[in-house]
Structures are given as structure tokens and as C-alpha cells.
Amino acid sequence: MKEISVFDVIGPVMIGPSSSHTAGALKIALLAGKLVSGKIVQADFVLYGSFAKTYRGHGTDRALIAGTLGFGTADPRIRDSFAWAEKAGLAYSFRTDETQRDVHPNTVDITLENDKGEKTYVRGVSTGGGNCRIENIDGISVDLTGDYTTLLIRQHDTAGVVAYITGCLSARDVNIAFMRLYRESRGKTAYTVIETDGDIPAEAVEEIRRGPEINSAMLVKI
């Protein structure tokens, strides 16, 4: 008789025993990975609340690695994501923090390092039903779900930048559903998060990247 793993329970829509602890966790790491340019070579995870208590038994650790590797929630490779990480040259670590009480119970901090030594920090929360929310990127509070086609822009906080960004999109008939601006402090680093009803043409993204006050522009699609 074939053994049945907890990773076989849900079926083709989602691999894993819990939408919050597997699918939601995977989506957090998938979004985080899309914010990194180049190859990810190191992934470090700090887990809080129920994530910290059950991450091995509920497959949260495998799901986080799978998301970092770019696997979807129904990808059968989730079961063997540690082996796939080794093949991909991805080093990783897990640490739990059960001392912080003022965080959502399904919270994870992710630090990703690419092959150029550049690091990206992301805090994500699994909100239930396989959904998630990114709350912080590189120390700046944001609100990013990945439910829409999303353009994440890192820029210098100065006059005219937002008008330049929206102009690039308007010229290509891109309809903005939501737009939010986050910043460290006045005149410092800022993020513009734009969610759209449809696709964003690659040439629009490239034009935005060429803006004089733009540090980076990344298209995020799940």
C-alpha cells in the first residue's frame, strides 16, 4: 500500500495540509523572490507565532523554499523543495522567534541574497485561504497582496517622479486600479506600488526604469 503524505491531501489546487501554513507561506516567498534581481543564492527565514510552532509539521518550511524557487502552489516539487534547492545552489536557514507578541500569528521575515551580494528584506503575513500580504520591504512599510498585476518601483522621494511614472503608464492605456506611495522619510527612498486591471507592457516598465530618479522597477505577477 502506498503511503499518503500530508502533501497529498488537498489535491491539484494546492499541495499541502494548510492553506495558511503552506499555500499562503509559499505565496509570500514567491512575491519576495520576484523582488530580487539576479539569482537567489541565500534565503534566511525568521518565523513567528503559529508559523514558529508548526512550520515543520505543516510544511511551511518546504513551502517557503518552494516559493523562493518560483514554484506555484500546486507544483508537486513542493514536497521535495529542499532537494530542488540543493540542485539550484540555494542555501537557506530557518529560525523561530516566539518572543514577539505584537505580530500576526502567521508572520515570516525573509532575507534573500542574490549572486551579487545584494540583500532584500521582506516581512509577509499569511492571511488565510491561501492569501498573503507583504507588510515591509527593506524597512519600509507597504501593503502588497499580489492579487493584481503589480508594479513595484523604488525611487528617490522628489517632486515629479510619480507624475513621470503615471505618464508612462497612461501613454500605453494602462488602467491603474490602486496606487500607493510609501517612503522612509521626506527626500529619502520611497516605493510606489501600482496595481492594474490588466497587463503592463514591458516597454512601459523599461521606460519607467530609465527615469532619472528611479532606482528599480519590478513587475510582480503570480
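**Exercise 1. Find the hairpin made by S5 and S6, say how many residues lie between the strands, and describe the turn.**

Solution. Start with the strands: S5 covers residues 131–137 and S6 covers residues 140–144. Strands and helices here are DSSP runs (helices: H or I, at least four residues; strands: E, at least two), numbered from the N terminus. Next, look between them: the hairpin has two residues there, and Asp138 in the turn takes a positive phi of about 50°. Then check the pairing, which requires that DSSP finds at least two bridges between two strands. S5 and S6 pair in the antiparallel sense over three bridges, and Ile137 stands opposite Ile140 in S6.

Before going on, a word on the source: this is a predicted model, in which local features need pLDDT of at least 70 and side-chain atom pairs count only at pLDDT 80 or more, while totals for chains, interfaces and linings use all residues. Residues are numbered from 1 along each chain as its sequence is written, and side-chain values use heavy atoms, with hydrogens and water left out.

**Exercise 2. Decide which side chains of S6 are buried.**

Solution. First, the rule: buried means under 20% relative accessible area, exposed means over 50%, and partly exposed lies in between (1.4 Å probe, protein chains only). Second, recall that in a regular strand the side chains alternate between the two faces of the sheet. Now walk along S6: Ile140, Val142 and Leu144 point to one face and are buried. Ser141 and Asp143 point to the other face and are not buried.

**Exercise 3. Give the strand order of the six-stranded sheet and place helix H3 on it.**

Solution. Read across the open sheet: the order is S2-S1-S3-S4-S5-S6, with mixed pairing. S2 and S6 are the edges; each has a single partner strand, so one side of each is left without a neighbour in the sheet. From one strand to the next, the twist averages 25°. (Axes are lines fitted to C-alpha atoms, for helices over the stretch in contact, and angles run from 0 to 180 degrees between N-to-C directions.) Inside the sheet, S1 (residues 40–48) and S3 (residues 107–114) pair in the antiparallel sense over seven bridges, with Ala43 opposite Leu112 in S3. H3 packs on this sheet and touches S1, S2 and S3, its direction making about 145° with that of S1; contact means heavy atoms within 4.5 Å. Finally, ask how enclosed H3 (residues 60–68) is: eight of its nine residues are buried, so the rest of the structure largely encloses this helix. Among the buried residues are Leu64, Ile65 and Ala66. Just after H3, Gly70 has a positive phi of about 95°.

**Exercise 4. Do the same for the four-stranded sheet and its helices.**

Solution. The order in this open sheet is S8-S9-S7-S10, with antiparallel pairing. S8 (176–183) and S10 (214–220) are the edge strands, each pairing on one side only. The twist averages 15° from one strand to the next. S8 and S9 (residues 189–196) pair over seven bridges, and Tyr182 stands opposite Tyr191 in S9. Now add the helices: H5 (residues 161–170) packs on the sheet, touching S7 (149–156), S8, S9 and S10. H6 (residues 202–209) also packs there, touching S7 and S10, with its direction at about 160° to that of S10.

**Exercise 5. Classify the aromatic pair of Phe82 and Tyr92.**

Solution. Rings of Phe, Tyr and Trp (its six-membered ring) pair if their centres lie within 6.5 Å; planes under 30 degrees apart are stacked, over 60 edge-to-face, and the rest tilted. This rule gives six aromatic pairs. Phe82 and Tyr92 are 5.4 Å apart centre to centre with 20° between the planes, and count as stacked. Phe82 lies in H4 (residues 81–88) and Tyr92 in S2 (residues 91–97), so the pair ties together parts ten residues apart in sequence. Tyr92 also pairs edge-to-face with Phe94, at 5.9 Å and 65°. Phe45, Tyr55, Phe82, Tyr92 and Phe94 form one aromatic cluster.

**Exercise 6. State how confident the prediction is.**

Solution. pLDDT is the predictor's confidence in each residue, from 0 to 100. The protein chain averages 87, and 90% of the residues score at least 70. Over residues 1–14, the pLDDT is below 50. Where pLDDT is low, the predicted coordinates should not be read in detail.
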